[in-house]
Amino acid sequence: MKDKQHIKLEQAEPDMTLAQDLLDTEGHCLMATGTLLTGDTLASLQRRGICNLVVWGTEALSPQEIAEQRIAVQAQLDQRFRQMEQEPTMQTLKAVLLAHRLEGLE
Amino acid sequence: MPSLNLNNLDQKILQLPTLSVVVTRLLELLGHEDLTMVNLMSMVSEDQALAARILQIANSPFYGFSRHVGSLQDAGTLLGIHTLGNIITAAGVMNHFPPNSDDGFDRLSFWQHAIGVGICARVLARHKGLDIEMAFTAGLLHDMGKLVLASYFADDFAAVLVWRDEHNCLLHDAEQAVLGLNHTLIGARVAQRWRLPEPVVNAIQYHHSLPEIATPLSELVHIADILARGLDIGHGGDDLIPVLQTRALQRLSLDWQTIRACLGEIEDLNAAAGVLLKQGKG
């Protein structure tokens, strides 16, 4: 399965492929969808102030990788909502966010 | 003893630097019906940093122009006075607290969060038929009180950070405990002094604690702040999440299904929003 992944620049690695055009400050396309990232291009993006990217997953995640990512997302939300166990509305919000963030992993 | 408190807040704020002369004059004129695009553009062109930031924002994915907005004249024609007014408000404050400056507070992460909140507010506003430009500006500037604290009251802010770490709490609660006031009031008073639009001042003041009768914009920014935290966009100074006031959802008639539907759109816009963090030229 080829899925779109929203990642921060620091999570980007060489050999990932852009799934959405990157624009520069002038509105020009800096890198087009489909560009294969390299160490040099990542350094260039950092210099240009790019913080977030959308990349294609290059291949299907293994069941184990999916399980690990689910645990990581869950842990992140648990940390963020750690003082909200007694708040029903916040638990609903947490469930909505969790469902959204896990969607791309399925 | 902290130097800032409720009694001396207004006096201390009077001593702070103002926005640039051009931005201040523009903010005074923006509400006037006789302001023409020609006058507005002529004034903007006197402030190169402002002009550069306006073009940067005009060329961001929010406006989705198929062609490059290359000049102020282009921006004026394509955007109109209302949108430009909001961009000028946002650009004026961003240039006052540039993302790349280093004063011990991680401004880059701060502005990432602020932009994320602006995007959340903008997307929600579009779904509800509210003013999307004002929503983005209010979301972007909702936490400007934190920047005022970090930039001009560094010792007080350092004491707040120590309290936050010792008590595992929101920055807002640490400010209240240490100073007896928090960034929402500080931000609103400074925004008022800088003559930012009244609805934006209101959203800055009430985004953590909505009054019984709140403006839709305040409610929108309250929800947007919480969503941006939940989506882990940037860092506003703590890693917790404030309680969502359900009456904000009720009054805006927002249900969970709608919120869920907005999340993907928010992340798509945010993925391309890093361009706003580059230092403006000029």
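**Two chains, one predicted model**

The domain assignment (automatic or from a database) splits chain A into domain 1 (4-56) and domain 2 (63-103). This is a predicted model: local features need pLDDT of at least 70, side-chain atom pairs count only at pLDDT 80 or more, and totals for chains, interfaces and linings use all residues. Residues are numbered from 1 along each chain as its sequence is written, with chains lettered from A and ligands numbered from 1 in the order in which they are written.

Reader: Which strands of the open sheet in chain A stand at the edges?
Author: Strands here are DSSP runs of E, at least two residues, and helices are runs of H or I, at least four, numbered from the N terminus. The order is β1-β5-β2, with antiparallel pairing; strands pair if DSSP finds at least two bridges between them. One side of each edge strand has no neighbour in the sheet, because each has a single partner: they're β1 (4-8) and β2 (17-18) of chain A.

Reader: What gives the most to the side of chain B that touches chain A?
Author: The contact (C-beta atoms, placed from the backbone, within 7 Å) takes 28 residues from chain B and 29 residues from chain A. On the chain B side, α13 and α15 (256-271) each supply at least two residues. The top giver, with seven residues, is α15(B).

Reader: How many residues of helix α12 of chain B are buried?
Author: Buried means 20 or more other C-beta atoms within 10 Å of the residue's own. The buried residues pack against chain B helices including α5 (72-96) and α7 (132-141). α12 (198-206) is largely enclosed by the rest of the structure, because the buried count out of its nine residues is seven.

Note on methods: Buried ≥ 20, exposed ≤ 12 C-beta atoms within 10 Å, placed from the backbone. Contact = placed C-beta atoms within 7 Å.
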